Amino acid sequence: MAAQLPIPVYTSLDQAMPDLQTAAVQAVRYNNLVEEFEKRFGHKPSYIARAPGRVNLIGEHIDYVLFGCFPAAIERDIIIACGPSTSAPAGSGGVQAANLDPKYKPQTFVPMLKTGGPTATEEADAANTVHAEASWELDIDTRELRWESYVKAGYYGVLNRFFSPASGSQEHPVPVDLLFTGSVPSGSGLSSSAAMGVASALAFLVLNDKLEGLSKGQLVEMAMQNEKHVGVNSGGLDQAASVICTPHSAIFVNFYPKLTAEPIPLPTPRTIPRAVFVCANSLVVSDKAVTAKFHYNLRVVETLVAARVLGRLLNLPLTPTERPTLRVILSRWLGTPEADLEKEDVKSAIERFLPEIQKLRPPREGRNPGEEGVTMKEMIELSGLSEEQFNEVYLSWVEVEAEYFQFYKRTRHVFTEALRVLEFREVCVRAQATEGDLPEETLKQLGALLDASHESCSTLCESSCPEVDELTRLAKAAGAYGSRITGAGWGGCTVSLVAEDRVEEFIAKIKEGYAPYRELSEEKLHDAIFATKPSSGAFVLKLTE
Ligand code: GLA
């Protein structure tokens, strides 16, 4: 249901913010952005588009295999003051994009209609066979990290959906002026890229009068496709959290058989002692777009091929050209129509399925860490496809680099993590139904799930790094109920569940223990480690005179 709701358009900040105090603090920031917009572009903006970052509480590296995750939106966000341009030619769709942060230089670009060849979406998705006569081109350089790439990515979905000549549209996009400011640290695992992409898409949608009738779920799907243009084949976790979340709740977001989201109030506000989620940035910057071929996209390919290999080992039906995910393999193994499955059924199905994963144990187990997987040649053989077919289905749309590919570890991570998410959800739902104070045991249960998730991310998914591992150890020693890496990984943030009355002491201990924090100013430290409240999802603020 939450995914079917429209994207909120507010006319005052009080409506948009969870409380008046937050609205008052944010008003200063919003007013400053509006004033700056006027100074730079010589006219007033019409709207502010806003999209938050997110913290994924649990469920890492499983959204792209279509298992459910448990994120919450954070207060840190991207906001864009925007208005139709008064200087660019009408109907050109040209963009002037500026950023309050001087390290991001102003950019101007115009979308071009390119005739012939596959659309960019087709390039990104080998399974897509639709051929368009003319498609939009925005020239994103995926070899280099550029801030405006996310703005262009946000534009693609709007152009392709509403202004595509191939679908018969005769309309032209309006030229726009955009001024950005953001508080989500980039490369920190708090999803600055999705926030940029979602906020940009929203700005283009509202300025072109295309927001009405679009549901949150449709915006999520559009934003997921958009991010592929930046070269990352991510799942929908970040976009769903940024668009669908509501204050005070996390969401249980599911991707199969279709996108659904269930807001689940966190038990923490009613507990004695009260507890909060604290994000701590390792300060190891890891941008998933830059390292995609040996980190993020490699995990996507490893799990996809593992799904085919497992399917073959289990004698499940498979066609040579399809690319089923591990979630789909579970479904085929069950043989039950998906519509008949409740979350409890999925949980018990995973429990029954876990022993089957042993079939993927690698031939070289016991060798040096990292070398126990399979080579490219062995991977192709195990897939049962010819080299040509394999390349077409698994490699033609993505670039990956590895000497050994790990099926067993990645698959074990996926299924155990999917189970932990369902258990986490269950504990939260039970807590919600409990009258009166919650026993501290509830927080301990949640904490144990966070710890187990981190262990799996670190040893099976191998998406952590020594600094992040150290931060989780320090967090536990400083009294956290549980602590884990959040987001894509290989750097970025941890999230820890901490008793509210011990947050200050907790932060002081981490500051003392984590060497990179010792030299930080108070302001920088506040940026690096902070308690976060679940915040609202994306919205548009209509500015009136
Ligand atoms: C990134 C991706 C998400 C998800 C996480 C890992 O944030 O964008 O889709 O895969 O990594 O859980």
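1. The place of Trp490 is a loop, the one that runs between strand E12 (482-485) and strand E13 (493-499). Although Trp490 is not a glycine, its phi is positive, at about 55°. Its relative accessibility is 11%, and Trp490 therefore counts as buried, since the limit for a buried residue is under 20% relative accessible area. The model is a predicted one, and the points below should be read with that in mind.

2. A second residue with a positive phi is His248, where the angle is about 70° although this residue is not a glycine either. His248 sits in the loop between helix H7 (237-244) and strand E9. Is His248 buried or exposed? With a relative accessible area of 54%, His248 is exposed, because the exposed class begins over 50%. Trp490, by contrast, counts as buried.

3. On the other side of strand E9, the loop between E9 and strand E10 (260-265) contains Pro257. The peptide bond that leads from Tyr256 to Pro257 is cis, and its omega is near 0°. Tyr256 will return in the next point, as one of the residues that line the largest cavity.

4. The next topic is internal space. Rolling a probe the size of a water molecule over the atoms shows where empty space is left. Five cavities of 30 Å³ or more are present in the structure. The largest cavity has a volume of about 90 Å³. Its lining is made up of Leu66, Phe67, Gly68, Phe252, Asn254, Tyr256, Arg327, Lys343, Val346, Ala418 and Leu422. Strand E9 (249-254), helix H10 (343-353) and helix H13 (408-433) are the elements that give two or more residues to this lining. Sorted by class, the lining of the largest cavity contains seven nonpolar, two polar and two charged residues.

5. The second largest cavity holds about 60 Å³ of space. Which residues line the second largest cavity? They are Tyr150, Ala153, Gly154, Ser193, Ala194, Gly197, Val198, Ala223, Asn226, Glu227 and Gln239. At least two lining residues come from each of helix H4 (147-162), helix H5 (192-207) and helix H6 (216-228). Helix H5 provides the largest share, with four residues. By class, five residues of this lining are nonpolar, five are polar and one is charged.

6. The ligand has 13 residues around it, and those that come nearest are Glu60, His61, Asp63, Asp238 and Tyr296. For three of these residues, a polar side-chain atom can be paired with a ligand oxygen. In the side chain of Glu60, an N or O atom is 2.7 Å from an oxygen atom of the ligand. For Asp238, a polar side-chain atom lies 2.5 Å from a ligand oxygen atom. For Tyr296, the distance between an N or O atom of the side chain and an oxygen atom of the ligand is 2.5 Å.

7. The final point concerns Ser536, which is found in the loop between strand E14 (529-532) and strand E15 (539-542). Its relative accessibility is 9%, so Ser536 counts as buried. What does Ser536 touch, not counting residues up to four places away in sequence? Its contacts are Ala16, Arg50, Pro52, Ala73, Cys245, Thr246 and Pro247. Two loop residues in this note, Ser536 at 9% and Trp490 at 11%, thus count as buried, whereas His248 is exposed.

Notes. Residues are numbered from 1 along each chain as its sequence is written. This is a predicted model: local features need pLDDT of at least 70, side-chain atom pairs count only at pLDDT 80 or more; totals for chains, interfaces and linings use all residues. Side-chain values use heavy atoms; hydrogens and water are left out. On a 1 Å grid over the protein atoms alone, a cavity is a set of points where a 1.4 Å probe fits but cannot get out, and a pocket is an open set with protein on both sides within 12 Å along at least five of seven lines; lining residues have an atom within 4 Å of a point. Grid points are joined across faces, edges and corners, and a volume is the space filled by probe spheres set on the points. Ala, Val, Leu, Ile, Met, Phe, Trp, Tyr, Cys and Pro count as nonpolar, Asp, Glu, Lys and Arg as charged, and the others, Gly among them, as polar. Buried means under 20% relative accessible area, exposed over 50%, partly exposed in between (1.4 Å probe, protein chains only). Contact means heavy atoms within 4.5 Å. A residue is near a molecule or strand if one of its heavy atoms lies within 4 Å of it. A polar contact is a pair of N or O atoms within 3.5 Å; within protein, one must be able to donate a hydrogen and the other to accept it, and residues adjacent in sequence count only if both atoms are side-chain atoms.
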